[in-house]
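This report looks at one residue and its surroundings, and then at the nonpolar cores of the chain.

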Amino acid sequence: MTVKLAIIYYSSYGTNHQMATIAADAAKAAGAEVRLLKARETAPAEVVAGVDAWKAHADATADIPEATAEDMEWANAYLISSGTRFGVMTSQMRAFIDTLGGVWGKGGLANKPVTAMTSAQNTHGGQETTLQSLYTTVMHWGGFVVAPGYTDEIIFKTGGNPYGYSHTQGDDFDDAAKAAIGHQTRRLVEVAAKLA
Ligand SMILES: Cc1cc2nc3c(=O)[nH]c(=O)nc-3n(C[C@H](O)[C@H](O)[C@H](O)COP(=O)(O)O)c2cc1C
């Protein structure tokens, strides 16, 4: 059975979009069928338009489909990537998750492996709490948290966050960052294949 991976991200300025894209490439290389999807923007259009970098990123990614409940039913694995907002995920990602009551009620979110990534402005800006808050929700789904832990040397070279890859905004996506995202993604795909 094919691994069908929904990669759902939210990004105002492009960081989590870049992380999700790196993960999508790694998942495809690992043999998964991938849908790269964004959480719908909920900020008022005039607010987005008022921040040049935000507007530019929204325009540049306009063709990426918005995640739907149907995508969540279709997938047998999820990778979720959201920036840190005051120590938790973005409200845009939360708003998408809060539309999933119907598919949750049908058991459509249960028994699926999930991993999560985040980014923040500061190295210790709340990455772990953001990922933990996401994983709390996964437990309510009856999902399986597939955190990277310290299962590869690359975790130690990219900040050492065992909850999930976390990027400090403004840092380069160098080979180590790509390798850490690749490792976390492949691990998810491997677990999903075993479960499938
Ligand atoms: C309202 C708001 C709250 C934020 N809270 C935090 C925070 O608590 N810690 C931190 O390090 N960065 C914080 N940031 C910075 C974001 O985490 C950072 O811009 C984000 O990781 C960028 O991701 P993106 O490029 O995918 O949008 C905040 C940004 C905004 C706009």
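The text below goes through a buried polar residue and then the nonpolar cores of this predicted model.

**Gln92**

Gln92 lies in helix 5, which spans residues 91-97. Its relative accessibility is 6%, so Gln92 counts as buried, the cut-off being under 20%. The side chain of Gln92 takes part in the polar contacts listed here with the side chains of Glu41 and Ser91.

| Side-chain pair | Polar contact |
|---|---|
| Gln92 and Glu41 | 2.8 Å |
| Gln92 and Ser91 | 3.5 Å |

Glu41 also appears among the residues that Gln92 touches when those up to four places away in sequence are not counted. The others in that list are Tyr10, Ala39, Arg40, Thr42, Ala43 and Trp54.

**Nonpolar cores**

The largest nonpolar core has 28 residues, and the members touching the most other members are Ile8, Met72, Tyr78, Met93 and Trp141. At least two residues of this core come from each of strand 1 (4-10), helix 4 (69-74), strand 3 (77-85), helix 5, strand 5 (113-120) and helix 7 (127-141). Helix 7 contributes the most, with 5 residues. A second core, separate from this one, has 27 residues, including Val3, Ile7, Ile64 and Val146.

What is Tyr78 in contact with, leaving aside its neighbours within four places in sequence? Its partners are Leu5, Ala6, Met72, Gly108, Leu109, Lys112, Pro113, Val114, Thr115, Trp141 and Leu188. Two of these, Met72 and Trp141, are also named with Tyr78 among the core members that touch the most others.

Conventions:
Residues numbered from 1 in each chain as written. Predicted model: local features only at pLDDT ≥ 70, side-chain atom pairs only at ≥ 80, totals over all residues. Heavy atoms only, no water. Helix = DSSP H or I, 4+ residues; strand = E, 2+ residues; numbered from the N terminus. Buried < 20%, exposed > 50% of the residue type's maximum accessible area, 1.4 Å probe, protein only. Polar contact = N/O pair within 3.5 Å; in protein donor to acceptor, adjacent residues only side chain to side chain. Contact = heavy atoms within 4.5 Å. Core = buried A, V, L, I, M, F, W, Y, C linked by side-chain atoms within 4.5 Å.
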